[in-house]
Amino acid sequence: MAIKSFQGRRAKDETKKGHNAPILVEDYMTKKLVTFSPDQSILEVMEAFAKHHISGGPVMDDNGFLVGIISEADCMKTISESRYFNQPILDKSVERFMTKNVETIPHDMSIFDAAGVFDRHNRRRLPVMKDGILVGQISRKDVVIAALKMSGANWK
């Protein structure tokens, strides 16, 4: 007597291609960014952080090029110095406290390679570039979300 299978007809390999496609940074990055300028005051930056529920953002020059990144940690330096020197925060500019040597990643990098960059460089966010232009930003949380969405797929 033959054994019957009740699994039904198997799908062809063409339907499984989506699972083997690399997951790219551009698939999970934030594209609508809150940006800052070097001459903006730190107080304005802190207000923007609170208003938009963010912890950092890119600093752009007048021509729209990335010149730095400002974060809550940079604001902590300002707050600490203001208390130590008994000076108001108002007159401090972003340029004085921003990180100027910004590590960036390309838009077409895999999410796994991006995770390696986060691991090696201890950053919370990375600007994403395409042809020398800022196109987005990816955070560690975005990478975790990407991994969760892929948890049932084969990682290639």
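A pocket, as the word is used here, is an open set of grid points, where a 1.4 Å probe fits, with protein on both sides within 12 Å along at least five of seven lines. In this predicted model, the second largest pocket holds about 310 Å³ of space. Its lining has 17 residues, and S71, T99, R123, R124 and R125 are the closest to its centre.

**Two pockets**

The elements that each supply at least two residues to the lining of the second largest pocket are β2 (66-71), α3 (72-85) and β4 (125-130). The largest share of that lining, four residues, is from α3.

The largest pocket has a volume of about 360 Å³. It is also lined by 17 residues, and T30, I54, R125, Q137 and S139 lie nearest its centre. Here β1 (56-60), β5 (133-139) and α6 (140-149) each supply at least two lining residues. R125 is named among the residues nearest the centre of the largest pocket and among those closest to the centre of the second largest.

The table sets out the two linings by residue class.

| Pocket | Volume | Nonpolar | Polar | Charged |
|---|---|---|---|---|
| Largest pocket | about 360 Å³ | five residues | six residues | six residues |
| Second largest pocket | about 310 Å³ | five residues | five residues | seven residues |

**Overall layout**

The chain contains six helices and five strands. Read from the N terminus, the order of these elements is α-α-β-β-α-α-β-α-β-β-α. The chain has 156 residues, and 35% of them are buried. Of the contacts between residues at least 6 apart in sequence, 57% join residues at least 24 apart.

**Nonpolar cores**

The largest nonpolar core is made of 16 residues, and V25, I105, I111 and I138 have the most contacts inside it. Two or more residues of this core come from each of α5 (111-121), β4 and α6. The biggest contribution, four residues, is that of α5.

What does V25 touch beyond its neighbours within four places in sequence? Its contacts are I105, P106, H107, M109, S110, I111, A114, V128 and I138. Two of these partners, I111 and A114, are buried residues of α5. The other buried residues of that helix are G116, V117 and F118. The buried residues of α5 pack against β3 (105-106), β4, β5 and α6.

There is also a second, separate core of 12 residues, which includes F49, I70, C75 and F97.

**The salt bridge in α3**

How many salt bridges does a search of the whole structure find? The search gives one. It joins K77 and D74, whose closest N and O atoms are 3.4 Å apart. The two residues are three apart in helix α3, so about one helical turn separates them. The partners have different surroundings by accessibility: K77 is partly exposed, with a relative accessible area of 45%, whereas D74 is buried, at 3% relative accessibility.

**Loops beside β4**

The loop between α5 and β4 contains N122 and R123. N122, which follows α5, has a positive phi of about 50 degrees although it is not a glycine. Most residues other than glycine have a negative phi. The relative accessible area of N122 is 62%, so this residue counts as exposed.

R123 is partly exposed, with a relative accessible area of 34%. Apart from neighbours within four places in sequence, R123 is in contact with F118 and R140. R123 and R140 are 17 residues apart in sequence, and their C-alpha atoms are 8.0 Å apart in space. F118 is one of the buried residues of α5. R123 is also among the residues closest to the centre of the second largest pocket.

Where does D131 lie? D131 is in the loop between β4 and β5. Its phi is near 55 degrees, a positive value in a residue other than glycine. With 74% relative accessibility, D131 is exposed.

How values were computed:
Residues are numbered from 1 along each chain as its sequence is written. This is a predicted model: local features need pLDDT of at least 70, side-chain atom pairs count only at pLDDT 80 or more; totals for chains, interfaces and linings use all residues. Side-chain values use heavy atoms; hydrogens and water are left out. On a 1 Å grid over the protein atoms alone, a cavity is a set of points where a 1.4 Å probe fits but cannot get out, and a pocket is an open set with protein on both sides within 12 Å along at least five of seven lines; lining residues have an atom within 4 Å of a point. Grid points are joined across faces, edges and corners, and a volume is the space filled by probe spheres set on the points. Ala, Val, Leu, Ile, Met, Phe, Trp, Tyr, Cys and Pro count as nonpolar, Asp, Glu, Lys and Arg as charged, and the others, Gly among them, as polar. A nonpolar core is a set of buried Ala, Val, Leu, Ile, Met, Phe, Trp, Tyr and Cys residues joined through side-chain atoms within 4.5 Å. Buried means under 20% relative accessible area, exposed over 50%, partly exposed in between (1.4 Å probe, protein chains only). Contact means heavy atoms within 4.5 Å. A salt bridge is a side-chain nitrogen of Lys or Arg within 4 Å of a carboxyl oxygen of Asp or Glu.
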